[in-house]
Amino acid sequence: MIVGNRKPLEEIQEMIKPYKKILILGCRECITVCAAGGEREVAVLASELKLSRTKEGREIEIKEFTLERQCDYEYIDQIKPFVDEYEAVVSMACGAGIQYTAERFPQKIVLPAINTTFLGVTLEQGVWSERCQGCGDCVLHLTGGICPVARCAKSLFNGPCGGSSNGKCEVNKDTDCAWQLIVDRLKTLGQLDRYEDIIPAKDWKPSREGGPRVRIREDLRLD
Amino acid sequence: MTQSNIERLLEKGVFVVTSECGPPKGADAEAVRKKGSLLKGVVDAVNVTDNQTSVVRMSSFASCLILKEMGFDPILQMVCRDRNRIAIQSDILGAAAHGINNILCLSGDHQSFGDHPGGKNVFDIDSMQLIQTVRTMRDEGRLIGGEEVKGRPNLFIGAAENPFADPFEIRAMRLGKKVKAGCQFLQTQCIYNLEKFGKWMEMVRERGLHEKCAILAGVTPLKSAGMARYMKTSVPGMDVPDELIDRLKGVPKEKQAEEGIKICVEMIQQLKEVPGVRGVHIMAIEWEEKVAEIAKAAGLSPRPEA
């Protein structure tokens, strides 16, 4: 899933300073699962903002609304009937959702309340961890199912570097060394011989090096 | 063969001596010359670090040129942290055009350790792929992208390896990959734990890697018990046995530096006896004035004519 963090209250307060009527827009997809921008977080942000504005003596009117998805016009259009009543939309979706809402309503101020961080998994209740950087050319079959791009601090394809110590990364003692994990897994799978193969320089073209990527399934298109 | 002095000496079976010169944090060419003068006649080649520990310094290439003017055979260190494949290959061509004969291919320290932790790293290729790149440019006259190189860079190719990093069992295998990629000489991380180094060398010999690649053992003199402790606890991948720290602690503070030099000399003498070790790389970090003394005491001077 896409994981994000809500921005600090002060930053959001600063963004909405000029406005008296705002719409806080949540999303029920990934950002709800990682407890950053779902219905509950929309409610929390709304009450925090109301409270702070009351203290300042500058009342604010806030509408709370949470969409099924903010990455699809079909759902974004649900706010069409009332979006114009608000000076600004504070989106609590991931970076894709925030942008798509802004694209749908080009005249409207759309502000980000989320810092989108990574594609990851739930390690345990309340803990998420990065697994993928969307490089566009998966090598997991070569690396024991552990991604060197996303999980090695240097994205080494022929690691580990000299800083791997007791299974941990030199950059952060709480981070597992991706290449220790890869070697361990290859051993478990009886594939350590694969480690001897040099992985050649990666073709980064399928990554974002060429600007935003587009995926087309012609068979699904309507026209 | 390249024009490299160390390649020539290794070919002749000479036990080679290299050291390193960390460029200054500024445009002061005199600072490079000063460090160089401390190593004159003491070493067969001098490594020039590339923004080591991710701290901005005069470029390795520029510093190499200053040292070359002084008559050194510099080893251009190149990390993958700061340049993509375009810049890397361009710098390789430029260095070779200026008569640089050696390159040391490294991944590079992570930028979070340096003076620009907010910088974005590159790591377009890694050290293994860098070795491959130089080899392909030199031997096949081709760039990564397939284009032909007109005027091949004739470089003696080296790499580094840390025999003390984890997972230990694959460390020799990893060197094997580097050798397969084209690595001809290897400088190790500084050695304090001779026993563990010996085990690593055993694995290296089992694979016959010492015959395809000249292993130069790395040493760094310890200035004090405090430095030894710091190396042990704060420098990732460094293995400093407690006996060494105790030995330094056992002498008065003002004598610890001297003891550190003694330890370093003893270490070199023991390393010379390890089968497959063909040279020593003395990294006296900001203590270059001691390299001559260490080399002399270890019976490594004078050096053969360059």
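Buried residues have under 20% relative accessible area, exposed ones over 50%, and partly exposed ones lie in between (1.4 Å probe, protein chains only). This is a predicted model, in which local features need pLDDT of at least 70 and side-chain atom pairs count only at pLDDT 80 or more, while totals for chains, interfaces and linings use all residues. Residues are numbered from 1 along each chain as its sequence is written, chains are lettered from A and ligands numbered from 1 in the order in which they are written, and side-chain values use heavy atoms, with hydrogens and water left out.

**View 1. Two sides of helix 7 of chain B (residues 194–206).** Helices (H or I, at least four residues) and strands (E, at least two) are DSSP runs, numbered from the N terminus. Buried in this helix are B:Phe197, B:Trp200, B:Met201, B:Met203 and B:Val204. They cover an arc of only 155° around the axis (taken from the directions from the axis to the C-beta atoms), which puts them on the same side of helix 7 of chain B. Look to the other side of the helix and you will find B:Glu195 and B:Glu206 exposed.

**View 2. Helix 7 of chain B from end to end.** With 13 residues at 1.5 Å a residue, the helix should span 18 Å, and its end C-alpha atoms are indeed 18 Å apart. That expected span is 1.5 Å times one less than the number of residues. At the N-terminal end, B:Asn193 acts as the cap, with a side-chain oxygen 3.3 Å from the backbone nitrogen of B:Glu195. Just after the helix comes B:Gly208, whose phi is positive, at about 70°.

**View 3. The two domains of chain A.** Domain 1 covers 2–118 and domain 2 covers 135–209; these bounds come from an automatic or database domain assignment. The centres of the two domains, taken over C-alpha atoms, are 37 Å apart.

**View 4. A loop of chain A between helix 6 (148–151) and helix 7 (178–188).** A:Pro160 sits in this loop, and a cis peptide bond with omega of about 0° joins A:Gly159 to A:Pro160. The loop between these helices also holds A:Asn166. Although A:Asn166 is not a glycine, its phi is positive, at about 50°. A:Asn166 counts as exposed, at 68% relative accessibility.

**View 5. B:Pro302, in the segment after helix 12 (291–297) of chain B.** The peptide bond that leads from B:Ser301 into B:Pro302 is cis, and its omega is near 0°. B:Pro302 is exposed, with a relative accessible area of 71%. Follow the chain to B:Leu216, 86 residues from B:Pro302, and the two C-alpha atoms turn out to be separated by 18 Å.

**View 6. B:Thr53, in the loop between strand 2 (45–48) and helix 3 (60–69) of chain B.** Is this residue buried or exposed? B:Thr53 is partly exposed, with a relative accessible area of 41%. The phi of B:Thr53 is positive, at about 50°, although the residue is not a glycine.

Key. Polar contact = N/O pair within 3.5 Å; in protein donor to acceptor, adjacent residues only side chain to side chain.
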